[in-house]
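Grab your viewer and work through these exercises on spaces and packing. Each one has a task, then a solution in steps.

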Amino acid sequence: MGYQMIKGYEGENNDIDNPVHVASCMKHFLGHSAANSGKDRTPALLPEIDLRERHLVSFKKAIDAGAHSVMSNSGIINGVPVHASYDIIAKLLKQELGLNGLVVTDWADIENLHNRDRVARTQKEAVKISVNAGIDMSMVPYTGCKTPARIRKS
């Protein structure tokens, strides 16, 4: 289904310059549906064989179809936050599966490396960990543009 969706969004030749096509974004790499609690952004324990046989196949087909981007899973697999995992993002997704596109975090994932997951001592270290893992873009809430409390009419 993912393969056909990518072709539907991007066209047969992945021509996203065409005004009727858009770049696709696969979500959420990897193991998002396998959280132990059944809830979003919670840990999963996934043996390597399950990871490869049950969770990689659809992503591989979408990459083969030409997907231009992927959003990482906000959760933790086998004790490591996905958006901090060099093995999952750089080695598995980019090198082994061959993604030649953008990897983006979900909402506040890099901040969560410090605030929630406690794998980074500071926010700066959290950014470094994610970039080194292979993340290309972060969805950063609240700190980018501040909305004025009151907008005056001119």
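Before we start: a pocket here is an open set of grid points with protein on both sides within 12 Å along at least five of seven lines, and a lining residue has an atom within 4 Å of a point. Keep in mind that you're looking at a predicted model.

**Exercise 1.** Find the largest pocket and describe its lining.

*Step 1.* Start with the volume: the largest pocket holds about 320 Å³ of space.

*Step 2.* Go to its centre. Of the 18 lining residues, Met 26, Lys 27, His 28, Ser 58 and Phe 59 lie nearest that point.

*Step 3.* Now trace the elements. Helix 1 (2–10), strand 1, helix 2 (48–55) and helix 3 each give two or more residues to this lining.

*Step 4.* Sort the lining by chemistry: eight residues are nonpolar, eight are polar and two are charged.

**Exercise 2.** Work out which helix gives the most to the lining of the second largest pocket.

*Step 1.* This pocket has a volume of about 220 Å³.

*Step 2.* Its lining has 13 residues, and Glu 48, Leu 51, Asp 87, Ile 88 and Leu 92 are the ones nearest the centre.

*Step 3.* Two helices, helix 2 and helix 4, each supply at least two lining residues. Helix 4 comes out on top with five.

*Step 4.* The chemistry here splits into six nonpolar, two polar and five charged residues.

**Exercise 3.** Look for cavities of 30 Å³ or more, and say what lines the largest.

*Step 1.* Searching the whole structure turns up one cavity of that size. The largest cavity contains about 60 Å³ of space.

*Step 2.* Check its walls: among the lining residues are Gly 31, His 32, Lys 39, Asp 40, Arg 41, Asn 73 and Ile 77.

*Step 3.* Tally them up, and the lining gives four nonpolar, five polar and three charged residues.

**Exercise 4.** Pick out the largest nonpolar core and see what Phe 29 touches.

*Step 1.* Why look for such a cluster at all? Because in soluble globular proteins, nonpolar side chains tend to be buried together.

*Step 2.* The largest core has 30 residues, and Met 26, Phe 29, Leu 30, Val 70 and Leu 93 make the most contacts inside it. Strand 1 (25–29), helix 3 (57–64), helix 4 (86–96) and helix 5 (109–115) each supply at least two of its residues. Helix 4 has the largest share, four residues.

*Step 3.* Zoom in on Phe 29. Ignoring neighbours within four places in sequence, its contacts include Leu 56, Phe 59, Val 70, Ile 88, Leu 92 and Leu 93. Polar residues turn up too: Ser 72 and Asn 73 are also in contact with Phe 29.

Methods. Residues are numbered from 1 along each chain as its sequence is written. This is a predicted model: local features need pLDDT of at least 70, side-chain atom pairs count only at pLDDT 80 or more; totals for chains, interfaces and linings use all residues. Side-chain values use heavy atoms; hydrogens and water are left out. On a 1 Å grid over the protein atoms alone, a cavity is a set of points where a 1.4 Å probe fits but cannot get out, and a pocket is an open set with protein on both sides within 12 Å along at least five of seven lines; lining residues have an atom within 4 Å of a point. Grid points are joined across faces, edges and corners, and a volume is the space filled by probe spheres set on the points. A nonpolar core is a set of buried Ala, Val, Leu, Ile, Met, Phe, Trp, Tyr and Cys residues joined through side-chain atoms within 4.5 Å. Buried means under 20% relative accessible area, exposed over 50%, partly exposed in between (1.4 Å probe, protein chains only). Contact means heavy atoms within 4.5 Å.
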